[in-house]
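The exercises below are meant to be worked through with the sequence and the model side by side. Each task is followed by a solution that goes step by step.

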Amino acid sequence: MILIDLKKYRFWILAVLIVMLLGLTVNGSRWVMKMIYPLHYKELIFKYAENYNLDPYLVAAIIRTESKFYEKAQSGKNARGLMQIAPITGEWASKELSVKDYDEEMLFIPDLNIMIGCWYLDRLRMEFKNNLPLMLAAYNGGSGNVRKWLNDPRYSSDGMTLDHIPFLETKAYVDKVLKSYKIYNMIYR
């Protein structure tokens, strides 16, 4: 049996490891990015995105931002599931979509949660005329607040776009989703 003095070769071992890591990063950067920006529930995301005329990568970006793809996620405000649907939105959507025997706990079911999330996004898309930052601000901060901000010269100079989002959480949310959306398009498209 041959014993190797690792201390003697540590520089070369470290150099080889660095070269291997760089090779993995350069050649496998897409793989690494897919680990950071996964596309779980792809079939459901694509199904409901198509049903509601949405970009599936936008839906994935929202899910990543809202729940990191954890189907049992629940916020302090009781929003639930992958797309963090508030109980009041779930109840409203369940009536509009004729969901049989609706119960709040059903918001943890990925199929129903993504369907409701896409349905709601579609409504916001129509309400805010396809203006993505407004849609996202409304998804997070409420469409009533976005309409108020659009009518307030402190937040909107033209009544059609927001120059400033007064809720720090909503501003950060919009920025995160837009960044993730860009990355999802770069990785998967």
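**Exercise 1.** Where is the place of Phe-69? Describe its backbone and its accessibility as well.

*Solution.* Bear in mind throughout that this is a predicted model. The first step is to locate the residue: Phe-69 is found in the loop between H4 and H5. The next step is the backbone, where Phe-69 has a positive phi of about 70 degrees although it is not a glycine. The last step is accessibility: since buried means under 20% relative accessible area, Phe-69, at 8%, counts as buried.

Gln-84 can be treated in the same manner, for this residue lies in the loop between H4 and H5 and has a positive phi of about 50 degrees although it is not a glycine. Its relative accessibility of 12% places Gln-84 among the buried residues.

**Exercise 2.** Is Arg-80 buried or exposed, and with which residues is Arg-80 in contact, leaving aside its neighbours within four places in sequence?

*Solution.* Begin with the position, which is in the loop between helix H4 (56-67) and helix H5 (87-96). With a relative accessibility of 7%, Arg-80 counts as buried. Then turn to the side chain, which is joined to that of Asn-78 by a polar contact of 3.2 Å. Finally, once the neighbours within four places in sequence are left aside, the contacts of Arg-80 are Ala-73, Gln-74, Ile-85, Glu-104, Glu-105, Leu-107, Phe-108 and Asn-113.

**Exercise 3.** Describe how helix H3 and helix H6 pack, and name the residues that make the contact.

*Solution.* Two packed helices are described by the angle between their axes and the distance between the axes. Here H3 (residues 42-51) and H6 (residues 110-127) pack at an angle of about 30 degrees, and their axes are 9 Å apart. The crossing in which H3 passes H6 is right-handed. On the H3 side the contact is made by Leu-44, Ile-45, Lys-47, Tyr-48 and Ala-49, and on the H6 side by Pro-110, Asp-111, Ile-114, Met-115 and Cys-118. Sorted by character, the residues of this contact divide into 8 nonpolar, no polar and 2 charged.

**Exercise 4.** How many aromatic pairs does the count come to? Classify two of them from their geometry.

*Solution.* The count comes to 8 aromatic pairs. For Tyr-57 and Tyr-188, the ring centres are 6.2 Å apart and the planes stand at 10 degrees, so this pair is stacked. It links distant parts of the chain, with Tyr-57 in helix H4 and Tyr-188 in helix H9 (residues 168-188), 131 residues apart. Tyr-57 is buried, with a relative accessible area of 9%.

For Trp-92 and Tyr-120, the distance is 6.1 Å centre to centre and the angle between the planes is 80 degrees, and this pair is edge-to-face. Trp-92 lies in helix H5 and Tyr-120 in helix H6, 28 residues apart. Trp-92 is partly exposed at 34% relative accessibility, whereas Tyr-120 is buried at 12%. As a final step, ring pairs link Tyr-37, Phe-46, Tyr-57, Tyr-184 and Tyr-188 into a cluster.

**Exercise 5.** Which residues does Ile-62 touch, not counting residues up to four places away in sequence?

*Solution.* Ile-62 lies in helix H4 and is buried, with a relative accessible area of 0%. With residues up to four places away not counted, Ile-62 touches Met-83, Leu-121, Leu-136, Tyr-139, Tyr-173 and Val-177. Ile-62 and Leu-178, which are 116 residues apart in sequence, are 8.9 Å apart in space, C-alpha to C-alpha.

Definitions and conventions: Residues numbered from 1 in each chain as written. Heavy atoms only, no water. Axes fitted to C-alpha atoms, helices over the stretch in contact; angles between N-to-C directions. Helix = DSSP H or I, 4+ residues; strand = E, 2+ residues; numbered from the N terminus. Left-handed = near helix turned anticlockwise from the far one by under 90°. Contact = heavy atoms within 4.5 Å. Nonpolar A, V, L, I, M, F, W, Y, C, P; charged D, E, K, R; others polar. Buried < 20%, exposed > 50% of the residue type's maximum accessible area, 1.4 Å probe, protein only. Polar contact = N/O pair within 3.5 Å; in protein donor to acceptor, adjacent residues only side chain to side chain. Phe/Tyr/Trp six-rings, centres within 6.5 Å; stacked < 30°, edge-to-face > 60°.
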